[in-house]
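Grab a coffee and work through these exercises with the structure open beside you. Each one sets a task and then walks through a solution.

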Amino acid sequence: MYSSKEISVFDIIGPNMIGPSSSHTAGALRIARLAANMVKKPIKHVTFVLYGSFAMTYKGHGTDRALLAGIMGYDTEDKRIKESFEYAKAEGLSYEFRTNKEEKDVHPNTVDIHITDEEGKETTVTGISVGGGRAEIKKIDGVEIDLSGDYHTVVIKHRDLTGVVAAITHILSEFSINIAFMKLYRENRGAVAYSIIEADDAIEGAVIEKIEELASVYQAFLVEKI
């Protein structure tokens, strides 16, 4: 649920986006751009599965082009969005769009993004467009999370073990990083978990390298503020 206490001009009119709907274009682009941050190797193929309103209108509203542009790292002002299909082909990025109109118990602007990198590793990210060009990531590889991209963020995939979070925060302290929010999500006790750390200031790549040295950490991703 979103609070109605604070409403900005951005919330009302959205960003200056190429396309008829900020929810269907800017929001979609941001979902895909956040998803691409979860993959370290070059992306070779992506499958988008669209639900609800996305599934009904994605071609007419340019959602398909916006999603593909986000995977390639474009921002909402980039004039290449209109030709994102052509740019993807030039980059050797294959893609497909599917719709799921049967599933009703989802946010109306939902997309599953199945990404395959150059080594064949697969990552699945679920995101929603929440209006005004804003987006949220709700799942990574089936684990429910909550990520907005409003802050400089580190996403850490690790085992759910005692002491892991303490070790991560110790590293952040070493680099004098001021944590705005920190959240922990997990599948089951002792299984895969995700720690999401949102910071006020930019986070250096050296922080990621240090975190990945921890034995219980599988991977850490630096998610840009968008």
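Buried means under 20% relative accessible area, exposed over 50%, and partly exposed in between, using a 1.4 Å probe and protein chains only. Helices (H or I, at least four residues) and strands (E, at least two) are DSSP runs, numbered from the N terminus. This is a predicted model: local features need pLDDT of at least 70, side-chain atom pairs count only at pLDDT 80 or more, and totals for chains, interfaces and linings use all residues. Residues are numbered from 1 along each chain as its sequence is written, and side-chain values use heavy atoms, with hydrogens and water left out.

**Exercise 1. Get an overview of the chain.**

Step 1: count the elements. The chain has 7 helices and 10 strands.

Step 2: look at burial. Of the 226 residues in the chain, 46% are buried.

Step 3: check the contacts, where contact means heavy atoms within 4.5 Å. Among contacts with a separation of 6 or more, 67% link residues 24 or more positions apart.

**Exercise 2. Find out which residues of helix α4 are buried, and what they pack against.**

Step 1: locate the helix. α4 covers residues 63-71, and 8 of its 9 residues are buried.

Step 2: name them. The buried ones are T63, D64, A66, L67, L68, A69, G70 and I71.

Step 3: look around. These buried residues pack against α2 (26-36), β1 (43-51), α3 (52-57), α5 (84-91), β2 (94-100) and β3 (110-117).

Step 4: see what comes after. G73 follows α4 and has a positive phi, near 90 degrees.

**Exercise 3. Describe how α4 sits against α5.**

Step 1: pick the descriptors. Two packed helices are described by the angle between their axes and the distance between the axes. Here, axes are lines fitted to C-alpha atoms, for helices over the stretch in contact, and angles run from 0 to 180 degrees between N-to-C directions.

Step 2: read off the values. The α4 and α5 axes come within 9 Å and cross at roughly 35 degrees.

Step 3: assign the hand. A crossing is left-handed if the near helix is turned anticlockwise from the far one by less than a right angle, and right-handed if clockwise. α4 and α5 cross in the left-handed way.

Step 4: list the residues. D64, R65, L68 and A69 in α4 meet S84, F85, E86 and A88 in α5.

Step 5: sort them by class. Ala, Val, Leu, Ile, Met, Phe, Trp, Tyr, Cys and Pro count as nonpolar, Asp, Glu, Lys and Arg as charged, and the others, Gly among them, as polar. That gives this contact 4 nonpolar, 1 polar and 3 charged residues.

**Exercise 4. Do the same for α6 and α7.**

Step 1: start with the geometry. The axes of α6 (residues 164-174) and α7 (residues 205-212) come within 10 Å and cross at roughly 150 degrees.

Step 2: name the arrangement. Angles under 35 degrees count as roughly parallel, over 145 as roughly antiparallel, 65 to 115 as roughly perpendicular and the rest as oblique. α6 and α7 are therefore roughly antiparallel to each other.

Step 3: add hand and residues. The crossing is right-handed, and I168, I171, L172 and E174 in α6 meet V207, K210 and I211 in α7. By class, that contact holds 5 nonpolar, no polar and 2 charged residues.

**Exercise 5. Lay out the open sheet.**

Step 1: set the pairing rule. Two strands pair if DSSP finds at least two bridges between them.

Step 2: write the order. The open sheet has 6 strands, β2-β1-β3-β4-β5-β6, with mixed pairing.

Step 3: find the edges. β2 and β6 (143-147) each have a single partner strand, so one side of each lacks a neighbour in the sheet. From one strand to the next, the twist averages 25 degrees.

Step 4: zoom in on one pair. β1 and β3 are antiparallel over 7 bridges, with H45 opposite T116 in β3.

**Exercise 6. Work out which strands flank β7 as pairing partners.**

Step 1: take β9 (residues 192-199). β7 pairs with β9 in the antiparallel sense over 8 bridges, and R159 stands opposite V192.

Step 2: take β10 (residues 217-223). β7 and β10 run antiparallel, joined by 6 bridges, and T153 has V223 as its bridge partner.

Step 3: check the cover. In β7 (residues 152-159), 6 of the 8 residues are buried.
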